[in-house]
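Student: Could you take me closely through one part of this chain, and then show me how that part fits into the whole? I would like the cut-offs spelled out as you go.

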Amino acid sequence: MLAFLPESRVEKILNAKDLFPLISRTNINQEALERELKKVRMRGFATNNEEVHMGVRSVAAPIRNFNGEVIAAVNVAVPTIRFSLKKLETVLAPKVMETANKISFSLGYKGKA
């Protein structure tokens with residue numbers, strides 16, 4: 001959800017918080033996070049590759065309201081033993097984005113299909 005906020009708000013959030021890792025794989029480098037947020041905006045979905053819990057990957061896509069503002073997200077988490085990162089991005093991500101778009105449209109969002 002952070003990736004879809006206005007840049008000024010993202011910058012304010014990243015600068016105001018002391019970032020701390022949840023586990024050893026959690027990315028807390030601000031420059032790397034900014035690059036990742038840009039990638040998320042471009043692709044339309046975010047992935048988590050064992051950055052919160054070991055053995056778990058997830059993919060999420062934004063839900064928008066009638067004004068186009070991101071108000072929620074759809075997230076699917078899977079065991080790493082069953083889904084490679086590539087499979088997560090190529091198989092699950094399109095389905096998660098489709099579901100998020102359907103919810104957004106039901107909320108009155110009129111953006112791209």
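Tutor: Let's start at Leu-19, which sits in the loop between α1 (7-16) and α2 (30-43); helices here are DSSP runs of H or I with at least four residues, strands are runs of E with at least two, and both are numbered from the N terminus. This is a predicted model, in which local features need pLDDT of at least 70 and side-chain atom pairs count only at pLDDT 80 or more, while totals for chains, interfaces and linings use all residues. Residues are numbered from 1 along each chain as its sequence is written, and side-chain values use heavy atoms, with hydrogens and water left out.

Leu-19 has a relative accessibility of 34%, so it counts as partly exposed (buried means under 20% relative accessible area, exposed over 50%, partly exposed in between, with a 1.4 Å probe and protein chains only). Setting aside neighbours within four places in sequence, Leu-19 touches Ile-28 and Leu-33, where contact means heavy atoms within 4.5 Å. Leu-19 and Gln-30 are 11 residues apart in sequence, and their C-alpha atoms are 8.5 Å apart in space.

Leu-33 leads us inward, as one of the members of a core of eight residues that also includes Phe-4, Val-40 and Val-70. A nonpolar core is a set of buried Ala, Val, Leu, Ile, Met, Phe, Trp, Tyr and Cys residues joined through side-chain atoms within 4.5 Å. That core is separate from the largest one, which has 12 residues, among them Phe-45, Val-59, Phe-83 and Leu-92. The elements giving two or more residues to this largest core are β2 (56-64), β3 (70-79) and α3 (85-106), and α3 gives the most, with five residues. Ala-100 is one of the members of the largest core; beyond its neighbours within four places in sequence, Ala-100 is in contact with Ala-61, Pro-62, Ile-63 and Val-74. In soluble globular proteins, nonpolar side chains tend to be buried together.

The rings deserve a look too. Lys-87 lies over the face of Phe-83, at 4.5 Å from the ring centre; the test asks for NZ of Lys or CZ of Arg within 6 Å of the ring centre and within 35 degrees of the ring normal. One aromatic pair turns up in a search of the whole structure: Phe-105 and Tyr-109 are stacked, at 5.9 Å centre to centre with 10 degrees between the planes. Rings of Phe, Tyr and Trp (its six-membered ring) pair if their centres lie within 6.5 Å, and planes under 30 degrees apart count as stacked, over 60 as edge-to-face and the rest as tilted. Within this pair, Phe-105 is partly exposed at 32% relative accessible area, whereas Tyr-109 is buried at 16%.

Another loop worth a visit is the one between β1 (46-49) and β2, where Glu-50 lies. Glu-50 has a positive phi of about 60 degrees although it is not a glycine, and it is buried, with a relative accessible area of 13%.

Now for the whole chain: three helices and three strands run in the order α-α-β-β-β-α from the N terminus. Buried residues make up 32% of the 113 residues. Among contacts between residues at least 6 apart in sequence, 51% join residues at least 24 apart. The C-alpha atoms fill a box of roughly 40 × 35 × 20 Å along the principal axes.
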